[in-house]
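Hi,

Here is the model I said I would pass on. Have a look at it first, and my notes on what turned up are underneath.

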Amino acid sequence: MAFKPANNIQDLQYFGEFGGVNPSISDSSTYTFLSAKTMFDTFEGNADGCYLYSRHSTPSNLYLGQALAAMEGTETANVTASGMGAITAVLMQLCGAGEHIVSSRTIYGGTYAFLKNFTPRFNIKTSFVDITNLESVESAITPKTKVLYCESVSNPLLEVADIAALSKLAKKHNLKLVVDNTFSPLSISPTQLGADIVIHSLTKFINGSSDTVGGVVCGTQEFIDNLRNVNDGACMLLGSTMDSLRAASILKNLRTLHIRMQQHSLNATYLAERFEKDGLKTVYPGLRSHPSHELFKSMMNDKYGYGGMLTVDVGSLDKANALMELMQKQNLGYLAVSLGFYKTLFSAPGSSTSSEIPEDEQREMGLSDGLIRFSIGLDADIERTYEMMRTCMQDLNIL
Ligand SMILES: *Cc1c(COP(=O)(O)O)cnc(C)c1O
């Protein structure tokens, strides 16, 4: 039977303390106990349903974690203060000094910088590979490798990872397959394809209102317990804990994720098809010209489409900048990083979100100067948006 991530979220039932239709927010950093013994047991993690201190866990964070675990089909989940808070904790939990990571080379700039510049201080080394080339992935694996890391749809090049094939490799070599699914919530369900751990930046589509940062790690009960362990858990000890007020507001936004993703996908598909027909170099997994179109199609939960992200190469950074400024002036969106907002957001990743990646490496992976990354918004009239964008491009001699 097909996996139904949105049904799984909807089927959870929560009530507030006074019968409210939303769960009550736990607005406390610490909790009282009637007995000292229960306090000790709770600290040790042996008293289910009791709360001790809000860096460990809070009711609001557990509700949100439960909904996201339902969405990804994992046993449980732990929410974090940001996507990077989730990524860094997972990698530090899985790897120690002398160990090794094999990672896709086209990943979020912050993740790339963490693996390239930060973890070597702890003698954790990373080999960056073309994730779409399974042979080069396998040949990078060494006896020290612990983790295979990728994004289901990569930032910003929109490469698609063959999660089932990577999972086979991971199992063969006894690695954990960690997948950042930030670009494709609901559309792709990595654990259904064999991923061990799924991470999201909640900052993007899942929260969808560009008003907070947040993250989540979805995985087995055992792994999440490890992350939260008071003695050696990376989430517990590195301290990237989400605030309860934020957890409550993200949970409410999650209620409309399935509708938003359908509209993002619909609008992005419309624009990508038109742009491509106009002769622009357009990358969108929903286009038949995308090298991994069939792969995405084989992995996706049909209803949610190919997502809201597309890229267009307009030839040069000057043209990209001029177009973005003009589109913002015409109120077609904002010249801003990030994604998943109701308004279209656009940026030139080479000089912004991926500027951590040195220029020669950018070129090698196909990240050109003129590339604009679009997060397509929820526009009610995408035909009008297209006409206006086309006029901007014509005015700048891009079309
Ligand atoms: C934004 C982003 C992150 C980092 O998330 P933050 O919430 O900003 O810490 C990680 N991965 C991807 C794919 C992202 O887009």
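Helix H15 (residues 382–395) holds both Glu387 and Arg390, which sit three residues apart, about one turn of the helix. Their side chains form a salt bridge, with the closest N and O atoms 2.8 Å apart. Glu387 is partly exposed at a relative accessible area of 38%, and Arg390 is partly exposed too, at 27%. Bear in mind while you read on that this is a predicted model.

A search of the whole structure gives six salt bridges, and two others deserve a look because they link parts of the chain that are distant in sequence. One of them pairs the side chains of Lys116 and Glu361, at 3.3 Å from N to O. Lys116 belongs to helix H5 (residues 109–118) and Glu361 to helix H14 (residues 359–364), so this contact ties together parts that are 245 residues apart in sequence. As for cover, Lys116 is partly exposed with a relative accessible area of 36%, and Glu361 counts as partly exposed at 22%.

The other one joins Glu99 and Lys146, at 3.8 Å from N to O. Here the partners are 47 residues apart: Glu99 is in the loop between helix H4 (83–94) and strand S2 (100–104), while Lys146 is in strand S4 (residues 145–151). Glu99 has 23% relative accessibility and counts as partly exposed; so does Lys146, at 35%.

Now the overall picture. The protein chain has 15 helices and twelve strands. Its radius of gyration is 21 Å, close to the 21 Å that the globule rule gives for 399 residues, so the chain is as compact as a globular protein of that length. The C-alpha trace spans about 75 × 55 × 40 Å along its principal axes. Of the 399 residues in the chain, 55% are buried.

On the surface, Asp48, Glu75, Glu222 and Asp225 form a negative patch. Asp225 comes from helix H8 (residues 221–227) and is partly exposed, with a relative accessible area of 38%. That clears the 30% cut-off for patch residues.

There are also a few backbone details to check before you set anything up:

- The peptide bond from Asn155 to Pro156 is cis, with omega near 0 degrees. Pro156 is in the loop between S4 and helix H7 (163–172).
- Asn174 is not a glycine, yet it has a positive phi of about 60 degrees. You will find Asn174 in the loop between H7 and strand S5 (176–180), where it counts as exposed at 68% relative accessibility.
- Ser210 also has a positive phi without being a glycine, in this case about 45 degrees. Ser210 is in the loop between strand S6 (197–201) and strand S7 (215–219), and it is partly exposed, with a relative accessible area of 38%.

One last item, from the other end of the sequence numbering. Gln10 is in helix H1 (residues 5–10) and is exposed, with a relative accessible area of 63%. How far apart in space are Gln10 and Met71, C-alpha to C-alpha? They are 9.3 Å apart, with their positions 61 residues apart in sequence.

Cheers

Methods. Residues are numbered from 1 along each chain as its sequence is written. This is a predicted model: local features need pLDDT of at least 70, side-chain atom pairs count only at pLDDT 80 or more; totals for chains, interfaces and linings use all residues. Side-chain values use heavy atoms; hydrogens and water are left out. Patches are made of residues with over 30% relative accessible area and no salt bridge: like charges are joined within 9 Å, nonpolar side chains (Val, Leu, Ile, Met, Phe, Trp, Tyr) within 5 Å. Accessible areas come from the Shrake-Rupley method with a 1.4 Å probe; for residues, only the protein chains shown count as cover. A salt bridge is a side-chain nitrogen of Lys or Arg within 4 Å of a carboxyl oxygen of Asp or Glu. Lys and Arg count as positive and Asp and Glu as negative; His and the chain ends are not counted. The place of a charge is taken as NZ of Lys, CZ of Arg, CG of Asp or CD of Glu. Helices (H or I, at least four residues) and strands (E, at least two) are DSSP runs, numbered from the N terminus. Buried means under 20% relative accessible area, exposed over 50%, partly exposed in between (1.4 Å probe, protein chains only). The radius of gyration is taken over C-alpha atoms; the globule rule is 2.2 Å times the number of residues to the power 0.38.
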